[in-house]
Amino acid sequence: MDSTGPALPPISPDPADWPTGLAEQVEPLVRRVLAPNPSPYTFNGTQTYVVGSQGDVAVIDPGPNDTGAAGHADTNGVGHVDAILRAIGDAKLVAIVCTHTHRDHSPAAAPLALRTGAPIIGCAPLVLADDGPRADAAFDPTYTPDRVLRDGETLAGSGWTLQAVATPGHTSNHLCYSLRESGALFTGDHVMGWSTSVVSPPDGDMADYMASLQKLYDRDDSVYYPAHGPAVTNPRQLVRGMLGHRRQRERQILRVLEGAPQAIEAMVPQMYKGLDPRLNGAAGRSVLAHLIDLERQGRVARSGETWTIPT
Ligand SMILES: [Zn+2]
């Protein structure tokens, strides 16, 4: 039986109109279910993608573990995990796949696995470096994959093949997934149309992030489906713009430090004019990520909280 059900209405171009809890067809092999977790970091929420139209399907980024308890009246009466199960319908879930292990992406993997018996396949659990803990409050400590995919490894179902594309930077374990049959790329939080990605050390790494942007620029994916925000229909153009934006930030940091040695706290207001104050912390983390990268290259130095240009 075809699990996609009757034809669905076209997706509204205005993300504010997108319904949570309902499966929307984005292309023949792909549906998305929007979770009810909007925030300044998640745009209008996490998009869970269901790949495959019949037989067996995979779910990408099951999202937050929202049980549909009080406070989520906008989920059409059900929790996000239930909404995913409803979207899967009579099909068999053969893989629960995560791009990375932030709390808005992977916590629903465990309950979904429990209720369906499907394996969790995809990104690695967070690697704890021996130079100090890399996890922060954004990380999902419950994530336990049955199988880790390395760069280039594939996962297939009836009529679909997903290939892992290692894209560290936003997190050290971030993977994108390419859908071979259509040329689409599920980009998680690595590349999104509505905002640049937060790169927060120690797990976030600016040099890795830039290399992962270049890696996507060198590919020829036809469309990106990010975890947050609208599909990206001009992938290479957007990625080129993002690379340019990061290089510009780098130059800006060097200029600010040429004016006077200073701490990140003082740099952020000079660099991010008109920023939503709720994002001040994230901006500071991004500046730190750039500074660490520049420090490795010997282009800046630090003493305590103060950053300088070495003479
Ligand atoms: Zn996210």
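A residue counts as buried when its relative accessible area is under 20%, and because D61 has a relative accessible area of 2%, D61 is buried. This residue sits in the loop between strand 4 (56-60) and helix 1, and its backbone deserves a look, since D61 is not a glycine and yet has a positive phi of about 55°. The model is a predicted one, and the values that follow should be read with that in mind.

A second residue can be set beside D61. F43, found in the loop between strand 2 (30-34) and strand 3 (47-51), has a phi near 60°, again a positive value in a residue other than glycine. F43, however, has a relative accessible area of 26% and is therefore partly exposed, whereas D61 is buried. One further backbone feature concerns the peptide bond from P201 to P202, which is cis, with omega near 5°; P202 belongs to the loop between strand 11 and helix 3.

For the chain as a whole, the secondary structure comes to 6 helices and 14 strands. Of the 311 residues in the protein chain, 50% are buried. If one takes the contacts between residues at least 6 apart in sequence, 60% of them join residues at least 24 apart.

The zinc ion offers a specific example of such a link across the sequence. Its protein donors are D104 (OD), H105 (NE2), D189 (OD) and H228 (NE2), which lie 2.0 to 2.2 Å from the ion, and the spacing of these donor residues in sequence is D-H-x83-D-x38-H. H105 is in the loop between strand 5 (92-97) and helix 2 (109-116), while D189 is in the loop between strand 11 (184-188) and helix 3 (206-217), so this pair ties together parts that are 84 residues apart in sequence. Both of these donors are buried, H105 with a relative accessibility of 0% and D189 with a relative accessible area of 5%. Why is the site of the zinc ion irregular? The angles among its 4 donor atoms run from 87 to 152°, and four donors count as tetrahedral only if all angles lie between 85 and 135 degrees, while square planar requires opposite donors over 155 degrees apart, so the site fits neither description.

Turning to the nonpolar interior, the largest nonpolar core holds 43 residues, of which L162, Y177, L179 and F186 touch the most other members. Helix 1 (residues 80-88) gives the most to this core, contributing 5 residues. Apart from it lies another core, made of 17 residues, among them V165, V191, V199 and L216.

The packing of helices can be followed through helix 4 (residues 235-259), whose axis comes within 10 Å of that of helix 6 (residues 280-296) and crosses it at roughly 80°. Since angles from 65 to 115 degrees count as roughly perpendicular, helix 4 is roughly perpendicular to helix 6. On the side of helix 4 the contact is made by R246, R249, E250, I253, L254 and L257, and on the side of helix 6 by S286, V287, H290, L291, D293 and L294.

Helix 4 also contains L243, which is buried, with a relative accessible area of 5%. Leaving aside its neighbours within four places in sequence, L243 is in contact with M210, L213 and Q214. L243 and Y209 are 34 residues apart in sequence, and their C-alpha atoms are 9.6 Å apart in space.

Terms used
Residues numbered from 1 in each chain as written. Predicted model: local features only at pLDDT ≥ 70, side-chain atom pairs only at ≥ 80, totals over all residues. Heavy atoms only, no water. Donors = N, O, S within 2.8 Å, 3.2 Å for Na, K, Ca; no water. Tetrahedral: all angles 85-135°; square planar, octahedral: opposite > 155°, others 65-115°. Helix = DSSP H or I, 4+ residues; strand = E, 2+ residues; numbered from the N terminus. Buried < 20%, exposed > 50% of the residue type's maximum accessible area, 1.4 Å probe, protein only. Core = buried A, V, L, I, M, F, W, Y, C linked by side-chain atoms within 4.5 Å. Axes fitted to C-alpha atoms, helices over the stretch in contact; angles between N-to-C directions. Parallel < 35°, antiparallel > 145°, perpendicular 65-115°, else oblique. Contact = heavy atoms within 4.5 Å.
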